[in-house]
Amino acid sequence: MSQKTILTGLQANSTFHIGNYVGAILPMINAQKNLGADDMFLMFVPDLHSFTLPINHANFYQQILDNVKIYLAAGINPGLSNTLLYRQSFVPAHSELAWILSCFSYMGEMGRMTQYKDKSEKHDNISVGLFTYPILMAADILLYGAQYIPLGDDQKQHIEIARDIAIRMNNKFELQAPNGLFTLPKPWKEQLDFMGVSEGIRIRSLSNPEKKMSKSTIDPKGTILLSDTPQDAAKKIMSAQTDTIGEIHWDWENQPGVTNLLQLYYLFGIETREEAINYWTGKTRYGDLKKEVADKIETFLIDMQAKTRVIQDKEVETILINGELQANLISKKTLNRVQKVLGLRR
Ligand code: AQP
């Protein structure tokens, strides 16, 4: 198989929740296990993305390090020569390319992003950064020629827009750059195939299963943070909202709460989705399903928290600084190619 570049990033606006873990971290762990010698594996902290909505800046630097500890505790191996871990703000080409791309992106297409619409409805005084966030994300991807970007379902539109911007610029500057300026990220269906899933992963809120579990929504009962005590997490599962149908089925439309629990059951267990569905379909005791999911999540958190606790800040900073040196070299080459094509450089 030809060389692949795999990249993902998770905002450091707060501690991760279990949706971030299964939506983005777990697919990266699997991708790293299958990495070819010529592949590149990039996992970064989109720190500049992390304050598109207001955050606690006093704690932000530490939050970034703590979140990288979770990458490591989850099983990301920073020691492989083709693996880089870095912070976006330590690689200035991200911001520079984002500005350039913003001049080739349209207000209308940004305004159609559902994540922007969702978040702007919930908050007052929406920042321009929240609106242009997908452009910075496109720069994050295109700088490294990433084809595969393991992400949760909520980011589908942002991958598509990164692809659209890249195609637009490749077409516009065809003469100057016959091979295309940018490597295209793969379409969504191929992203799913790469992650080995038939549909994008979207963990729902436990208290409102119509909505996704989210870091920035105030929903303590519906969200399981990786920093929650295992006992509290189990309690949240046991009080998860279900329905009055009284029989377990995989049915997002009519039984989103139950289906969400089924999803957690297989993602935090060893069974496949089909095995989990076959086993639970038609059973009537929602409490049994909740108990099994609660046990699995409790065990997961105990293990994850023990592994996170022993990682030191210094160790994380050393890994990041090394990654940033290399990320700067790679990204500058792409930026320079773009600058030349635009007529900014000779
Ligand atoms: N509920 C979810 N289920 C599955 N995957 C999810 N992701 C986020 N929520 C779920 C995935 O986690 C990664 C982190 O993305 P992000 O840091 O850009 O945050 P986000 O997508 O905006 O969602 P969050 O983490 O809940 O933060 P808020 O809502 O506060 O911005 C991405 O791969 C995302 O798909």
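The exercises below work through the domains, the ligand site and the salt bridges of a predicted model.

**Exercise 1. The two domains**

State which residues form domain 1 and domain 2, and how far apart the C-alpha centres of these domains lie.

Solution. Step one is to read the domain assignment: domain 1 takes in 5-196 + 313-341, and domain 2 covers 230-309. Step two is the spacing: the C-alpha centres of domain 1 and domain 2 are 30 Å apart.

**Exercise 2. The interface of domain 1 and domain 2**

Describe the contact between the two domains by residue count, buried area and the residues of domain 1 that lose the most area.

Solution. Begin with the count: 8 residues of domain 1 touch 8 residues of domain 2. Next comes the area, about 710 Å² buried between the domains, with 88% of it on carbon and sulfur atoms. On the side of domain 1, the most area is lost to domain 2 by Ile 18, Val 22 and Ala 73, which together account for 61% of what that side buries.

**Exercise 3. Polar links and make-up of the interface**

Find the number of salt bridges and of polar contacts across this interface, then classify the residues on the side of domain 1.

Solution. The search for salt bridges across the interface of domain 1 and domain 2 gives 0. The number of residue pairs in polar contact, with both at pLDDT 80 or more, is 0. Two elements of domain 1, α1 (18-33) and α2 (60-74), each give two or more residues to the side that touches domain 2. By class, that side has 7 nonpolar, no polar and 1 charged residues.

**Exercise 4. The ligand site**

Name the residues that come nearest to the ligand, and give the distances from ligand atoms to Asn 20, Gln 115 and Met 213.

Solution. There are 23 residues around the ligand, and the nearest are Asn 20, Lys 119, Asp 154, Lys 212 and Ser 216. For Asn 20, a side-chain N or O atom is 2.6 Å from an oxygen atom of the ligand. For Gln 115, a side-chain N or O atom is 3.1 Å from a ligand oxygen atom. Met 213 uses its backbone: an N or O atom there lies 3.0 Å from a nitrogen atom of the ligand.

**Exercise 5. A salt bridge between distant parts of the chain**

Locate the partners of Asp 313 and Lys 69 in the chain.

Solution. The model has 15 salt bridges. One of them joins the side chains of Asp 313 and Lys 69, at 2.6 Å from N to O. Asp 313 belongs to helix α13 (residues 313-342) and Lys 69 to helix α2, 244 residues apart.

Methods. Residues numbered from 1 in each chain as written. Predicted model: local features only at pLDDT ≥ 70, side-chain atom pairs only at ≥ 80, totals over all residues. Heavy atoms only, no water. Domains from an automatic or database assignment. Contact = heavy atoms within 4.5 Å. Buried area = accessible area lost by both parts, 1.4 Å probe. Salt bridge = Lys/Arg side-chain N within 4 Å of Asp/Glu carboxyl O. Polar contact = N/O pair within 3.5 Å; in protein donor to acceptor, adjacent residues only side chain to side chain. Helix = DSSP H or I, 4+ residues; strand = E, 2+ residues; numbered from the N terminus. Nonpolar A, V, L, I, M, F, W, Y, C, P; charged D, E, K, R; others polar. Near = heavy atom within 4 Å.
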